[in-house]
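Here is a set of short exercises to work through with the structure open beside you. Try each task before you read its solution.

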Amino acid sequence: MEDYVANNARAYRPRYFTGDDSYEKDNFKQHKKKLDHSSVAYDTATMLASCGSGYDGSESRKSGSYNNERTTAENYRYSNVTAGDTDGTANIGGGYNTEEYNHLTENGYKLVSDEPLSTFSTDVDTASYTNVRRMINDGWEVDTDAVRTEEFINYFKYDYEKPTEGAVSINTELSDCPWNSEAKLMLVGLQAREAKVKDVPTNLVFLIDVSGSMEDEDKLPLVQQAFSMLAENLGADDRVSIVTYAGSDSVVLEGESGDNSEEIVSALNSLSAGGSTAGAAGITTAYKLAEEYFIEGGNNRVILATDGDLNVGLSSEEELTDLISQKRDSGVYLSVLGFGSGNYKDNRLEALADNGNGNYAYIDSVDEAERVLVTEMSGTLFTVAKDAKVQIEFNPENVSAYRLVGYENRLLNDEDFEDDTKDAGDIGSGQQVTVLYEIVPNNGNEKSLKYQDNESKVAETSELSGEMLTVSVRYKDPEASESKLIDKSVMCSDYTEAVSQNFAKACSAAEFAMVLRNSDYASGLTAQGVVDYMEQNRVDNSELFELIYKYMQNGTGSEASYW
């Protein structure tokens, strides 16, 4: 193990390291802290034999009692605002920062006796991870509300079984929770089928913010590079239009053939930034063009590129959400690409994507633009499962309480699961959705719903009494109005002490997000502790290793003294 740690200390060292191998190796070992879960006497083997621990949910959980309230994200606040900033701005590096993020109240524990069902909309967005990566790389203090744990988890790829039929498969894994020794942790991984997208014509409208706030190098110039890369991967059956907006909207290119990339790139390079930001007018024009060149059976999509700083006409989150919701039934999807810093409006852009049946990514570099628009283009542009929802039913005989990790602004009412008129998340070709649940086992004998309906069966057999929970997923095919249902039961006997790379990678991402959020449900967890967990489980994720080290080097976390 020492050899492995030493080798990986070098293999995963970030590019800012000194190059002195002996110093780096010693420094890495010197400051390595081991996670200690041995303080709580907990017999895992005995617990899982009966799938219970006698935990009835009545005790306080570390820093608070179980929270049985549903959380919402109704309010936003400015990022990095310091005391005395009466105008809602803060001076960062010589400039004013007015970034906006919805305030998220972290999911608490739910008692199965009160709420046996947990229901939420799927999420394949990754904007939170790359936006926070930008903050760390720029040396900013990370705003806790910018951290959405599920988007950290879903940024990374996992090795899930592909669906043999239908659009989505369900993968599960049950093991110990690395940050809470009193709980188990369940991973649910959804894997979407890979569509044959080469045979599907695409109708794209690039909707580009060219207002004055977009003139920085990490904004419009990066937008131009990003869309140019996408244009070079289109074909003769594809169509591209370009709409810009500043004080007013303008059609720069209309229905151009995808095989004429030179014309598309030339039009992109002709753009310059200046003026105010009338985003609603641009959105209306973009949808009008998308509908004019609509391809039946094709992929029809508006891709919005902006910093979200709208200040003319409809500009509030609520107004923009209403506008996009009206456009949702047109068959045109909306993807949102965020750019820039200082005045970034994450709250508005997330709302646009969520209500426009699309995805949301933040572009912090040319490499990220290539990942989203070239390498993973099929997932970004081609939906295979729309209005996808997940519902977990916990067996109260075997589970006392549970906590959904992340997805705070994706929660649905339980009755929404079977309501096909309720809008939910969309999953693209080959995309994945990864979910983690903390689970507190129980020795009780209560039953409800599925398990109560089968009470006589339970008395005759041990099949249902051995179930911990059931994962159910509903989704619609892209052109359908009625949903399909798939489900999978998780048994107590599915528990394994040895975890897969999927499990360890997801845990690592979740742990780092909880460190950044100062989570009440992972008290005592540090960035160095995340590194230790990754090393102990041989997690192959150099991207996350490097970001954590950069965070520690910045001195923004508790590990500041290490560096």
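A residue counts as buried when its relative accessible area is under 20%, as exposed when that area is over 50%, and as partly exposed in between. Keep in mind that the model you are looking at is predicted.

**Exercise 1. A helix and its surroundings**

Task: Find out how many of the ten residues of α10 are buried, and say what follows for the helix.

Solution:
- Step 1. Go along α10, which covers residues 346-355, and apply the cut-off of under 20% to each residue.
- Step 2. The buried residues are D346, N347, R348, L349, E350, A351, L352, A353 and N355.
- Step 3. That makes nine of the ten residues, so α10 is largely enclosed by the rest of the structure.
- Step 4. Look just past the end of the helix as well: N357, just after α10, takes a positive phi of about 55°.

**Exercise 2. A salt bridge that starts in α10**

Task: D346 meets R148 in a salt bridge. Work out which parts of the chain this pair ties together, and decide whether its two partners are buried or exposed.

Solution:
- Step 1. Check the distance: the side chains of R148 and D346 come to 2.8 Å, N to O, and a salt bridge needs a nitrogen and an oxygen within 4 Å.
- Step 2. Place the partners. R148 sits in the loop between α4 and α5, while D346 belongs to helix α10, so the bridge ties together parts that are 198 residues apart in sequence.
- Step 3. Judge the burial. R148 has a relative accessibility of 2% and therefore counts as buried. D346 also has a relative accessible area of 2%, so D346 is buried.

**Exercise 3. From single bridges to a network**

Task: The model has 21 salt bridges. Describe the one between E368 and R133, then the one between R371 and E376, and find the network they belong to.

Solution:
- Step 1. E368 and R133 join their side chains in a salt bridge of 3.1 Å, N to O. E368 is part of helix α11 (residues 366-375) and R133 is part of helix α4, so this pair ties together parts 235 residues apart in sequence. Both partners, E368 and R133, are buried.
- Step 2. Between R371 and E376, the closest N and O atoms are 3.0 Å apart. R371 is buried, since its relative accessible area is 15%. E376 has 23% relative accessibility and so counts as partly exposed.
- Step 3. Through shared partners, salt bridges join R133, K157, D364, E368, R371, E376 and E543 into one network.

**Exercise 4. Classifying ring pairs**

Task: There are 16 aromatic pairs in the model. Is the pair F120 and Y407 stacked or tilted? Is the pair F394 and Y402 stacked or tilted?

Solution:
- Step 1. Recall the two quantities you need: a pair of aromatic rings is described by the distance of the centres and the angle of the planes. Planes under 30 degrees apart count as stacked, over 60 as edge-to-face, and the rest as tilted.
- Step 2. The ring centres of F120 and Y407 lie 4.9 Å apart and the planes stand at 45°, so this pair is tilted. The pair links distant parts of the chain, 287 residues apart: F120 is in strand β6 (residues 117-121), and Y407 is in the loop between β16 (399-404) and β17 (425-428). F120 is buried at 0% relative accessible area, and Y407 counts as buried at 0% too.
- Step 3. For F394 and Y402, the centres are 4.1 Å apart and the planes are at 10°, so the pair is stacked. F394 counts as buried at 0% relative accessibility, and Y402 counts as buried at 3%.
- Step 4. Rings can also gather in groups. Y129, F152, Y155, F156, F512 and Y551 form one aromatic cluster.

**Exercise 5. Positive phi outside glycine**

Task: Compare where Y407 and R538 are placed, and give the phi of each.

Solution:
- Step 1. Y407, which you met in its ring pair, is not a glycine, yet its phi is positive at about 65°. Its place is in the loop between β16 and β17.
- Step 2. R538 is not a glycine either, and has a positive phi of about 50°. R538 is found in the loop between α16 (527-536) and α17 (542-554).
- Step 3. Now add burial. Y407 counts as buried at 0%, whereas R538 is partly exposed with a relative accessible area of 45%.

**Exercise 6. A charged patch**

Task: Which residues form the negative surface patch, and where is D138 found?

Solution:
- Step 1. The patch is formed by D138, E215, D216, E217 and D218.
- Step 2. D138 is located in the loop between α4 (127-137) and α5 (149-155).
- Step 3. With a relative accessible area of 46%, D138 is partly exposed.

Notes. Residues are numbered from 1 along each chain as its sequence is written. This is a predicted model: local features need pLDDT of at least 70, side-chain atom pairs count only at pLDDT 80 or more; totals for chains, interfaces and linings use all residues. Side-chain values use heavy atoms; hydrogens and water are left out. Patches are made of residues with over 30% relative accessible area and no salt bridge: like charges are joined within 9 Å, nonpolar side chains (Val, Leu, Ile, Met, Phe, Trp, Tyr) within 5 Å. Accessible areas come from the Shrake-Rupley method with a 1.4 Å probe; for residues, only the protein chains shown count as cover. Lys and Arg count as positive and Asp and Glu as negative; His and the chain ends are not counted. The place of a charge is taken as NZ of Lys, CZ of Arg, CG of Asp or CD of Glu. Helices (H or I, at least four residues) and strands (E, at least two) are DSSP runs, numbered from the N terminus. Buried means under 20% relative accessible area, exposed over 50%, partly exposed in between (1.4 Å probe, protein chains only). Rings of Phe, Tyr and Trp (its six-membered ring) pair if their centres lie within 6.5 Å; planes under 30 degrees apart count as stacked, over 60 as edge-to-face and the rest as tilted.
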